[in-house]
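Trainee: I would like to learn how to read a structure such as this one, going from the whole chain down to single residues. Could we take it feature by feature?

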Amino acid sequence: MLDLREKLDGRLLVGDGAMGTLLAARGVGYGHPYDRANLTHPQVVRAVHEEYVRAGARVIETNTFSANATKLALKNLGDRTREINVEGARLARSAVEGALPAGEDAIVLGAVGPLGRPLAPIGPIRPEEARAVFLEQAEALLEGGADAILLETFVDLAELKIAYDAVASLGVPVIAHKTFVEDGETLAEGLPGKVARDISSWGAEGLLLPGSNCTVGPQRMLGIAEAMASEVGPVAAYPNPGLPQLVNGVVRYNQDVGHFAEYGLKLAQAGARIVGGCCGTTPSHVRALAEALRDFEPETRSARRVSVSSPELETERAAVEPRTGFARKIKEGFAVAVEVDLPRGHDVSGVVEAAKALKERGVHAIDISDGARARLRMHPVAVARIVQEQAGIEVVAHMSCRDRNIIGLQADLLSAAALGVKNILAVTGDPAQIGDYPEATSVFDTDAVGLVHVLSKMNRGEDLAGNPIGEPPGFLIGASFNPTAEDLDAEVDKLRRKVGAGAHAFWTQPVFELGALERALEKIQDMDVTLLLGLMPLRSGRQAEFLHHEVPGINIPESVRKKLAELSAEDAPKYGVEVAQNLLAKAKPLVGGAYLMPPASMPHLAGDVVEAVA
């Protein structure tokens with residue numbers, strides 16, 4: 001079996017470069033999956049491998065970066081996962097044996113990339129599913145002749161750990177690459193060193209080598225390699241030639257092979273013992289790199305290992321507690337929040353006035369929804385800032401996953417923190433097709449559970465990728481719960497996952513009878529959960545019929561609907577308030593607060609409900 005420690009002791013190996021870049025240049029790509037080329041264009045794939053060997057590469061990666069079952073299923077190739085990977089490894093092995101000069105040896109790395117879909121709780125892939133996918137691919141690569149497994153281009157350290165655990169069970173050497181963003185500030189925070197210590201703690205010396213690849217060019221990779229090597233000893237480094245640019249619809253990279261080779265030498269001097277290239281690198285880059293490293297003699301030394309039990313090993317920081325007055329009210333008393341609807345335009349003076357009036361009547365926070373029912377409305381964080389400044393009352397800003405990808409969601413949360421909007425209610429959101437612009441695209445990179453997880457990560461002082469964001473914002477993390485859900489067991493399971501992701505309190509859907517709340521509380525009695533009971537003072541029989549029959553998740557007793565239908569336009573709202581008052585009075589000992597949702601034109605009805613039970 002290959003021993004990485006022995007192989008790299010006093011020795012430096014040159015890795016190969018990009019595969020996709022060359023396949024595309026030779027007409028394989030642009031709608032043709034690169035990994036499928038192992039079956040459809042084997043002679044082209046082998047020729048690329050041979051070019052890298054002749055250029056001086058002695059570490060050759062298989063053309064299988066995207067060849068896991070999850071990604072291949074998206075290309076209708078899921079049933080050919082084993083075949084593509086076995087053939088990918090055979091082609092690389094054959095190229096090495098055919099092009100390698102006599103008396104020299106080379107390593108074939110079975111390339112394994114991320115799944116391409118987020119892991120739970122951000123996405124749908126459970127850890128056990130991910131492990132099975134990674135294991136299946138690794139087994140096929142080893143069957144085809146790979147000497148070791150390369151885990152590359154992993155942004156999520158948690159996913160990299162799952163992949164490592166899966167393939168390490170096969171007892172083969174593993175090189176594990178974490179990708180870092182082009183961000184000097186992040187690198188200055190020492191993240192690469194922390195990551196290197198973490199990765200090194202996973203496996204036995206000689207069977208695991210940490211490293212980094214992709215995203216950054218040689219100069220930035222030098223800082224990454226220095227930080228990693230200073231913590232754990234020898235590492236691997238595979239930079240891009242530089243940042244990409246789009247020219248006439250084609251992605252291009254820097255072709256200055258001299259610059260690439262110059263920094264390749266610096267990477268070796270910094271402690272990299274395998275140096276290659278990633279996206280955009282060609283045999284010309286590798287040839288220049290091999291020439292620059294020809295006479296380089298690394299000092300003989302063993303990698304410094306970090307024990308799992310080492311006190312220096314970084315552990316996940318605990319999330320800070322919420323730092324808002326409303327959070328304290330929830331924890332220490334009975335908190336009352338009222339949702340105030342936004343107008344279609346940008347004039348929110350009416351919202352501000354309603355907030356002032358509700359504050360005077362004992363309300364503790366104003367809720368601002370995020371385009372509920374996919375309606376076009378102002379951004380809730382912007383409105384929250386205005387209301388907090390002008391009305392002097394805290395705001396709970398709802399945040400929906402519908403309109404923003406995972407980058408946009410995090411950007412908006414950072415903005416909220418900077419603006420002093422620290423109460424966030426995480427919601428999945430209604431699909432775009434039911435709203436003002438049914439032809440618009442719904443994003444849904446994640447759901448409410450995933451968004452709660454993102455908020456919890458930020459309360460630990462880091463973004464989803466583990467990059468530091470500075471002082472933790474101390475968000476109050478709210479989530480929704482529907483006690484009247486048709487499938488209550490499924491709703492409870494979702495609540496349980498939100499609790500696990502880090503939710504602090506739960507805003508319920510409108511409840512109209514005590515029995516429904518009591519049944520739900522019985523289901524969740526094993527969890528320490530704080531509920532803000534959703535109450536909706538109804539204004540008419542017509543409204544009640546619409547909500548009951550046409551709005552998912554709302555159930556109004558028939559007796560209430562009938563009574564409202566019998567009353568006049570003047571008396572119906574009074575009865576709606578009375579129903580909410582009676583329910584709140586009975587439920588108050590069972591919950592941590594109330595969340596009132598009055599009709600858009602009648603926010604004062606919420607004040608009527610609150611005053612009766614104050």
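Mentor: Let us begin with a term that we shall need for the strands: a residue is called buried when its relative accessible area is under 20%. Please keep in mind throughout that this is a predicted model.

Trainee: With that cut-off in hand, which residues of strand 17 point one way and which the other way?

Mentor: The general idea is that side chains in a regular strand alternate between the two faces of the sheet. In this structure, Leu531, Leu533 and Leu535 point one way from strand 17, while Leu532 and Gly534 point the other way, and all of them are buried. Strand 17, residues 531-535, is accordingly described as mostly covered, with five of its five residues buried.

Trainee: Where does strand 17 belong in the overall arrangement of strands?

Mentor: Strand 17 is part of a closed barrel of eight strands, which runs 11-12-13-14-15-16-17-18 with parallel pairing. From one strand to the next, the twist averages 25°. Looking at the neighbours, strand 16 (residues 505-510) runs parallel to strand 17 and is joined to it by three bridges, with Leu532 of strand 17 as the bridge partner of Trp507. Strand 15 (residues 476-481) is in turn joined to strand 16 by four bridges, again in parallel, and there Ser480 stands opposite Trp507.

Trainee: What is the strand order in the open sheet?

Mentor: The open sheet consists of eight strands in the order 1-10-7-6-5-4-3-2, and the pairing is parallel. Its edges are strand 1 (13-14) and strand 2 (59-61), each of which pairs on one side only. Strand 1 pairs in the parallel sense with strand 10 (residues 272-275) over two bridges, and Leu13 has Ile274 of strand 10 as its bridge partner. Helix 11 (residues 218-232) packs on this sheet, where it touches strand 6 (208-213) and strand 7 (235-238), and its direction makes about 160° with that of strand 6. Helix 7 (residues 127-144) lies across strand 3 (107-112) and strand 4 (148-154), running at about 155° to strand 3.

Trainee: How should I read a helix, and which residues of helix 13 are buried?

Mentor: An α-helix has 3.6 residues a turn, so residues three or four places apart point the same way. For helix 13 (residues 283-292), the buried residues are Pro283, His285, Val286, Ala288, Leu289 and Ala290. These buried residues pack against strand 1, helix 2 (20-25), helix 4 (42-55), helix 12 (257-270) and strand 10.

Trainee: Now a single residue in a loop: is Thr446 buried or exposed?

Mentor: Because its relative accessible area is 5%, Thr446 counts as buried. Thr446 sits in the loop between strand 14 (423-427) and helix 18 (448-458). Leaving aside residues up to four places away in sequence, Thr446 touches Pro121, Ile122, Gly123, Cys401, Ile406, Leu409 and Leu451. Ala268, by contrast, is 178 residues from Thr446 along the chain, and their C-alpha atoms are separated by 40 Å.

Trainee: How many helices and strands does the protein chain have, taken as a whole?

Mentor: The protein chain has 24 helices and 18 strands, and its C-alpha trace spans about 95 × 45 × 45 Å along the principal axes. Of its 614 residues, 55% count as buried. Among contacts between residues at least 6 apart in sequence, 77% join residues at least 24 apart.

Definitions and conventions
Residues numbered from 1 in each chain as written. Predicted model: local features only at pLDDT ≥ 70, side-chain atom pairs only at ≥ 80, totals over all residues. Heavy atoms only, no water. Buried < 20%, exposed > 50% of the residue type's maximum accessible area, 1.4 Å probe, protein only. Contact = heavy atoms within 4.5 Å. Pairing = 2+ DSSP bridges. Axes fitted to C-alpha atoms, helices over the stretch in contact; angles between N-to-C directions.
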